[in-house]
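Thanks for making time this morning. I have one structure to show, and I will keep to the spaces inside it and what surrounds them.

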Amino acid sequence: MDILVCLKRVPLAGSTFLLTPDSRDINTDFLGFGISPHEENAVEAGVQLVEQMGGTLTLLTLGPTDAEEQLRTQLAIGATRGILLETEGEDWDPQATAAALVEAINAEETKFDLILFGAESADSAGYQIHIRVAHALSRPIVTNVKTMKIENGIAQCERAVGSVRELYETTLPAVITVRDGLNIPRYPSVPGRIQARKKPIEHKKPEPRVPKLEKVSLSVSPSNSTGAQILGTGVEAVPALVDVLRTIGVLA
Amino acid sequence: MILVLVDHDRGELDPLSLRALTAARKLSNDIHAVVIGNDGAALSAICGEYGASILHVAQHPEITDYTPAASGRALAQLANSLKPEAVLAAGSPRGNEQLAHLATILDLPMAAECSEITLGDPHSVVRARWAANLMEQALVHSGLLIATVLAFAVEAEASPVAITVSNVDVLLEPIDLRVRILGRGGEAAKSGASLTDAKVIVSGGRGVGGPEAFSLLEELAALLDGAVGCSRVVTSSGWRPHAEQVGQTGTKVAPDLYIAAGISGAMQHIAGCKNSKTIVVINTDPEAPILAYADYAIIGDLHKVLPALTQAIKATKG
Ligand SMILES: Cc1cc2nc3c(=O)[nH]c(=O)nc-3n(C[C@H](O)[C@H](O)[C@H](O)COP(=O)(O)OP(=O)(O)OC[C@H]3O[C@@H](n4cnc5c(N)ncnc54)[C@H](O)[C@@H]3O)c2cc1C
Ligand SMILES: Nc1ncnc2c1ncn2[C@@H]1O[C@H](COP(=O)(O)O)[C@@H](O)[C@H]1O
């Protein structure tokens, strides 16, 4: 089986954000980078399927040259090769991103049986690139998948939306978007990292497009939190907490 | 005119759609609602109550359950015939998904999770990024605006008008029905629901140290009729099932009491628990970021504080 996973390099933001002086981007001077958790699950699922059934796992990303770092990390857990669609570093809007991904997929000799995405990207959360790609390739798409079984060219997927669990079935080739919780992504091993250095990454330069959804600026959402009242240190503070639980009505 | 997708699950309204109707009324006095599938026809009264003068019921013999691609096709057909200025839906996974199909079919941009919308040429929106920790000011270059409304940005407000129902037969393409629901239910729903329904959640993070010590959290949760939650570090270490994960990629909860033990307070975790009425932190680190979001804190080792708290509560219960 030939599988493709689409992923995106994103900063690993912790508990606060700093913006660049022009407020157009996150100041990443002190941040590391990774990919969104959903996409880590997608790569892990792809690696497991190739382990079981044989075949190849290709990674595809549109991003800055530095996104090679994210491809290498995911190659180290078992992907076969990577494709990096290089930008000048700026975010592309969802339509432009989807168009570039579709062009790259169509240029491949491999006709991927399964294309995996994250349910949404961690940073821009547009909720759409996968749907645009699926339409352009005339493939069915199942989203928000938390359990997936592939057998005899049929994908059985379970998605949990709200409190309802739904079971879907679709024939391959298909596009599936997965959520955190699908599996537990493995960490790259040292031999995996060494092998990954030699795995091929193809660089391409897609033509930029004028954005239809045009980012103007970012702002940090105001936090209305005032900070915690410290009840004390260690077990001595427990009686004070019991009083709080009474006041808020949790204890009678 | 603004067309609002009113989402339902087999005739049961998604209440977030009422917020989308309310948001639409800020843009225009002329509001139409649309439901996908015959089951939705039952929602005409509530759509009228929230300001829609027409409910379009998009019907097709094969639309008997949630089929997002078919929804997109139905919405595209209605958008082409009714020529609204905007199509809105709730910023829920289903709302985002159905409008993404619509936007793709019409080859137009879509702005997901907007807290503010101003119609114009171009349209201007403020939309959530990073689980609403960052807001993006953006321009949407398209005639028809396709956007979803950030879940908690607008409170639903009634504004009753008389409503008429218009049935529309939808023409589908074969691909719209390639993905079908085979069944629904059960266990996953239950475990997720126990977190969203719980009045008390005792949540643990990396500081718990391993799966065994979660018994301390279980005992306290049971005593308070609550549920156990956790951070992503805990699920990705395999200590607890993913159904218990609170946060951006887990479950969003809003209990009366949220106890965060050994959790640092990454914004992706806060995104899932900040709507709790009271947040209590137990953490060894007086500088942990979660203190900024909490109401009360005990600085200390959860392995000592939790058993002491359990004992003290047992004592009060006699
Ligand atoms: C896109 C994205 C989505 C994410 N989604 C989620 C999500 O849904 N939910 C989620 O939780 N995370 C999510 N994360 C991960 C998140 O960024 C953090 O990595 C994670 O929340 C940290 O978990 P933690 O607080 O348990 O661990 P840590 O950050 O390691 O914190 C452990 C805390 O325990 C305290 N501690 C240690 N020992 C003790 C002790 N004996 N007693 C008391 N306190 C102690 C420490 O002082 C520290 O504050 C996401 C990340 C990304 C990038
Ligand atoms: N720049 C990109 N390169 C490759 N895949 C991407 C890119 N951006 C988003 N994706 C994929 O599309 C999914 C949905 O993204 P979004 O529509 O931004 O929420 C992500 O989880 C990724 O799998």
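I will start with ligand 2 and then go through the cavities. Please keep in mind that this is a predicted model.

So, ligand 2. Its shell holds 20 residues, and the closest of them are C6(A), E39(A), L62(A), S121(A) and Y127(A). Sorted by class, that shell has nine nonpolar, eight polar and three charged residues.

Which backbone atoms does ligand 2 meet? At C6(A), a backbone N or O atom sits 2.7 Å from an oxygen atom of the ligand. At L7(A), a backbone N or O atom is 3.2 Å from a nitrogen atom of ligand 2. Then there is I129(A), with a polar backbone atom 3.0 Å from an oxygen atom of ligand 2. As for cover, ligand 2 on its own has 490 Å² of accessible area, and the protein covers 98% of that.

In terms of elements, two or more shell residues come from each of these in chain A: strand 4, at 56-63, helix 3, at 94-107, strand 6, at 114-118, and helix 4, at 129-136. Strand 4 of chain A contributes the most, three residues.

Now the cavities. How many of 30 Å³ or more are there in the whole structure? The search finds two.

The largest cavity holds about 200 Å³ of space. Its lining has 18 residues, and those nearest the centre are P140(A), I141(A), A69(B), H101(B) and V179(B). Both chains supply elements here: helix 4 and strand 7, at 141-151, from chain A, and helix 3, at 68-82, and helix 4, at 93-106, from chain B, each with at least two lining residues. Strand 7 of chain A gives the most, three residues. By class, the lining of this largest cavity comes to 10 nonpolar, four polar and four charged.

The second largest cavity has a volume of about 70 Å³. From chain A, its lining takes A119(A), E120(A), Y127(A), H130(A), I131(A), T143(A) and N144(A), and from chain B it takes P93(B), N96(B) and E97(B). The elements giving two or more residues to that lining are helix 4 and strand 7 of chain A, along with helix 4 of chain B. Helix 4 of chain B has the largest share, three residues. The classes here are four nonpolar, four polar and two charged.

One residue to look for on the screen is Y127(A). It is among the closest residues to ligand 2, and Y127(A) also lines the second largest cavity.

How values were computed: Residues numbered from 1 in each chain as written. Chains lettered and ligands numbered in written order. Predicted model: local features only at pLDDT ≥ 70, side-chain atom pairs only at ≥ 80, totals over all residues. Heavy atoms only, no water. Near = heavy atom within 4 Å. Polar contact = N/O pair within 3.5 Å; in protein donor to acceptor, adjacent residues only side chain to side chain. Areas by Shrake-Rupley, 256 points an atom, 1.4 Å probe, with all protein chains shown as cover. Helix = DSSP H or I, 4+ residues; strand = E, 2+ residues; numbered from the N terminus. Nonpolar A, V, L, I, M, F, W, Y, C, P; charged D, E, K, R; others polar. 1 Å grid on protein atoms, 1.4 Å probe; cavity = no way out; pocket = protein on both sides within 12 Å on 5 of 7 lines; lining within 4 Å. Points joined across faces, edges and corners; volume = space filled by probe spheres on them.
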